[in-house]
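Have a look at the protein below and turn it around a few times. We'll walk through how some of its strands pair up, what sits on its surface and which charged side chains meet.

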Amino acid sequence: MKKITLVATALLMSFATFAQTWKVDKAHAKVGFTVTHLLMSEVDGNFKAFDATITSSKEDFSDAVFEVSADISSIDTDNEMRDNDLKSEKHFDAAKFPKFTFKSTSISKVADKKYKLTGDLTLKGVTKPITLDLALTGTGMNGRTKKPKAGFKITGVIKRTDFGVGSMPAAVVGEDVELRAVGEFEQM
């Protein structure tokens, strides 16, 4: 029994040695969305307050777990009246549901530096699985800290009403919402 325990402990310690956590560099990152307005134009928005981490033990990130969260009250569409409306109970209900979260559950490589990232998105109290496109945009070294860095871009589309966001018809605000997150991450 002692031998099995020692082997299991050694394996766990070995994995812990290789698994690395990467933290988002917020000065070089953005979490945002685009939605169609009145079937004729697009409105872009982003979240000013967000956080993101990656945990991975493989150099190519093919086993990575991505976690992203944002404060709904930090929504910014460059229009204060619209931002306040989006924060209201009619849309995101920021008072009752102050954050959205995403945590990946699987990742599959589809091409060099291209992946499908599946995970659970929780928005306005509703959790649903979604699949997003993930691109590893580059790797390098932080010249100041001498720590490894990696850049990623995540894109995808969700249906806003699947998450109970907004009750207006699709002719006013599009049903499909394009998600886009870009950023540099530094190994901790």
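Strand β1 (residues 20–37) and strand β2 pair in the antiparallel sense, over 6 bridges. Keep in mind that this is a predicted model. To find one spot where the two strands face each other, look for valine 35, which stands opposite valine 43 in β2. The hairpin of β1 and β2 has 3 residues between the strands, and there leucine 38 takes a positive phi near 50°.

Strand β2 has another partner too: 2 bridges join β2 to strand β5 (residues 75–76), and this pair runs antiparallel. Here phenylalanine 47 stands opposite isoleucine 75 in β5.

Now zoom out for a moment. The protein's secondary structure comes to 2 helices and 10 strands. Starting at the N terminus, you meet the elements in the order α-β-β-β-β-β-α-β-β-β-β-β. The C-alpha trace spans about 65 × 45 × 30 Å along its principal axes. Of the protein's 188 residues, 38% count as buried.

**On the surface**

Leu38, the hairpin residue with the positive phi, turns up again in a nonpolar surface patch. Together with Met40 and Val172, Leu38 makes a patch of about 280 Å². Valine 172 belongs to the loop between β9 (148–159) and β10 (173–187). Is valine 172 buried, partly exposed or exposed? Its relative accessible area is 31%, so valine 172 is partly exposed.

There's a charged patch as well. Glu42, Asp44, Asp78 and Glu178 gather in a patch of negative charge on the surface. Glutamate 42 is found in strand β2, which covers residues 41–47. Why does glutamate 42 count as exposed? Because its relative accessibility is 55%, and the cut-off for exposed is over 50%.

**Where opposite charges meet**

How many salt bridges does a search of the whole structure find? The search finds 10 of them. Here are three, with the distance between the closest N and O atoms:

| Acidic partner | Basic partner | N to O distance |
|---|---|---|
| Aspartate 85 | Lysine 90 | 2.8 Å |
| Glutamate 184 | Lysine 149 | 3.3 Å |
| Aspartate 176 | Lysine 159 | 2.8 Å |

Take the pair of glutamate 184 and lysine 149, whose side chains meet in a salt bridge. Glutamate 184 lies in strand β10 and lysine 149 in strand β9, so this pair ties together parts that are 35 residues apart in sequence. Glutamate 184 is partly exposed, with a relative accessible area of 30%. Lysine 149, on the other hand, has a relative accessibility of 13% and counts as buried; the cut-off for buried is under 20%.

Next comes the salt bridge between aspartate 176 and lysine 159. Aspartate 176 lies in strand β10 and lysine 159 in strand β9, so the pair ties together parts that are 17 residues apart in sequence. Both partners count as partly exposed: aspartate 176 has a relative accessibility of 39%, and lysine 159 comes in at 38%.

Some salt bridges share partners, and these join Asp25, Lys149, Glu184 and Glu186 into one network.

As for the salt bridge of aspartate 85 with lysine 90, aspartate 85 is partly exposed, with a relative accessible area of 29%.

Note on methods: Residues are numbered from 1 along each chain as its sequence is written. This is a predicted model: local features need pLDDT of at least 70, side-chain atom pairs count only at pLDDT 80 or more; totals for chains, interfaces and linings use all residues. Side-chain values use heavy atoms; hydrogens and water are left out. Patches are made of residues with over 30% relative accessible area and no salt bridge: like charges are joined within 9 Å, nonpolar side chains (Val, Leu, Ile, Met, Phe, Trp, Tyr) within 5 Å. Accessible areas come from the Shrake-Rupley method with a 1.4 Å probe; for residues, only the protein chains shown count as cover. A salt bridge is a side-chain nitrogen of Lys or Arg within 4 Å of a carboxyl oxygen of Asp or Glu. Lys and Arg count as positive and Asp and Glu as negative; His and the chain ends are not counted. The place of a charge is taken as NZ of Lys, CZ of Arg, CG of Asp or CD of Glu. Helices (H or I, at least four residues) and strands (E, at least two) are DSSP runs, numbered from the N terminus. Buried means under 20% relative accessible area, exposed over 50%, partly exposed in between (1.4 Å probe, protein chains only). Two strands pair if DSSP finds at least two bridges between them.
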